[in-house]
Amino acid sequence: MAKLYFKYGVMGSSKSAQALITKFNYEELGMRAWLIKPAADQRDGADKIRSRVGLEQVAEVITPEESVTARYEAANGRGEKPIDVLIADEAQFFSETQIDELRDLVDDRNLPVLCFGLRTDFLTHLFPGSKRLLELADSLSEIKTVCACGSKAVVTARLDPGGRVITQGEQVFLGGNDSYIAMCHKCWKRKIREQEAL
């Protein structure tokens, strides 16, 4: 029986690498994996998924207005064999409606759907796509990484060019290691307090 999976973690926890490795594992067994990403993720190019360790693949881009189901039907009609698994990276950027469609693909087509993404933003608030995945997923698993202090990182802290933790701004701001750092909650709060004291 197919399931909807949400594998989440902070920036730098190897989510994209895990998505690409999962695709490779399915394909190595002769299965067809459909790799998708939301249009909001432009950091490594419109149709690229790239991990920090150097893995890279082309993915189909889904815009906010598009139906995931319609795109699946079109993709499933191409190629010699049907799609065996759907793998979605940066799933936090999908709309709630698109997450509902992923759930429907699991239920109605018996298609395993593996979503990888952030749970929360730089202020520790849920992204709409992540919220819906937490509500609907059959399987939730955290991809863990550590803070510089050695504790488990749970916050994706946004940094300004001077290395200060940012506590205001739009929820979506694309950036890499120059803009974000994984931190434990204690270090994140301490850093903010130290900045406020200056």
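Helices (H or I, at least four residues) are DSSP runs, numbered from the N terminus. The exercises below use a predicted model.

**Exercise 1. Helix 1 and what follows it**

Task: State how many residues helix 1 has and how far it reaches from its first C-alpha to its last. Then find which residue just after helix 1 takes a positive phi.

Solution.
Step 1. Helix 1 covers residues 15–28.
Step 2. This helix has 14 residues and reaches 20 Å from the first C-alpha to the last. The span is close to the 20 Å expected at 1.5 Å a residue.
Step 3. Just after helix 1 comes G30, with a positive phi of about 85°.

**Exercise 2. The two sides of helix 1**

Task: Which residues of helix 1 are buried, and which strands do they pack against? Is I21 buried or partly exposed?

Solution.
Step 1. Buried means under 20% relative accessible area, and partly exposed runs from there up to the exposed class, over 50%.
Step 2. In helix 1, the buried residues are K15, S16, A17, A19, L20, T22 and K23.
Step 3. Their packing partners are strand 1 (4–8), strand 2 (33–38), strand 3 (48–50), strand 4 (56–58), strand 6 and strand 7 (113–117).
Step 4. I21 also belongs to helix 1. Its relative accessible area is 37%, so I21 is partly exposed.
Step 5. Together with V53 and L55, I21 makes a nonpolar surface patch of about 260 Å².

**Exercise 3. Positive phi without glycine**

Task: For S14 and T124, give the phi value. Where does each lie?

Solution.
Step 1. Most residues other than glycine have a negative phi.
Step 2. S14 has a positive phi, near 80°, and is not a glycine. Its place is the loop between strand 1 and helix 1.
Step 3. S14 has a relative accessible area of 28% and is therefore partly exposed.
Step 4. T124, also not a glycine, has a positive phi of about 70°. T124 sits in the loop between strand 7 and helix 4.
Step 5. With 32% relative accessibility, T124 is partly exposed.

**Exercise 4. Three residues and their surroundings**

Task: Sort S130, S95 and G150 into buried, partly exposed or exposed. Which residues does S130 contact, leaving aside its neighbours within four places in sequence?

Solution.
Step 1. S130 is in helix 4 (residues 128–136). Its relative accessible area is 0%, so S130 is buried.
Step 2. Leaving aside neighbours within four places in sequence, S130 contacts F6, Q92, L118 and R119.
Step 3. S95 lies in the loop between strand 6 (85–88) and helix 3 (96–109). At 27% relative accessibility, S95 is partly exposed.
Step 4. G150 is in the loop between strand 8 (139–142) and strand 9 (155–158). A relative accessible area of 52% makes G150 exposed.

**Exercise 5. Distance along the chain and in space**

Task: What separation do the C-alpha atoms of S95 and E196 have, and those of G150 and C184?

Solution.
Step 1. S95 and E196 are 101 residues apart along the chain, and their C-alpha atoms are separated by 35 Å.
Step 2. G150 and C184 are 34 residues apart along the chain, with a C-alpha separation of 8.7 Å.

**Exercise 6. Confidence**

Task: Which elements have the lowest and the highest mean pLDDT?

Solution.
Step 1. The protein averages a pLDDT of 90, and 94% of the residues score at least 70.
Step 2. Among the elements, strand 3 has the lowest mean, 73, and strand 1 the highest, 98.

Conventions: Residues are numbered from 1 along each chain as its sequence is written. This is a predicted model: local features need pLDDT of at least 70, side-chain atom pairs count only at pLDDT 80 or more; totals for chains, interfaces and linings use all residues. Side-chain values use heavy atoms; hydrogens and water are left out. Patches are made of residues with over 30% relative accessible area and no salt bridge: like charges are joined within 9 Å, nonpolar side chains (Val, Leu, Ile, Met, Phe, Trp, Tyr) within 5 Å. Accessible areas come from the Shrake-Rupley method with a 1.4 Å probe; for residues, only the protein chains shown count as cover. A salt bridge is a side-chain nitrogen of Lys or Arg within 4 Å of a carboxyl oxygen of Asp or Glu. Helices (H or I, at least four residues) and strands (E, at least two) are DSSP runs, numbered from the N terminus. Buried means under 20% relative accessible area, exposed over 50%, partly exposed in between (1.4 Å probe, protein chains only). The expected span of a helix is 1.5 Å times one less than its number of residues. Contact means heavy atoms within 4.5 Å. pLDDT is the predictor's confidence in each residue, from 0 to 100.
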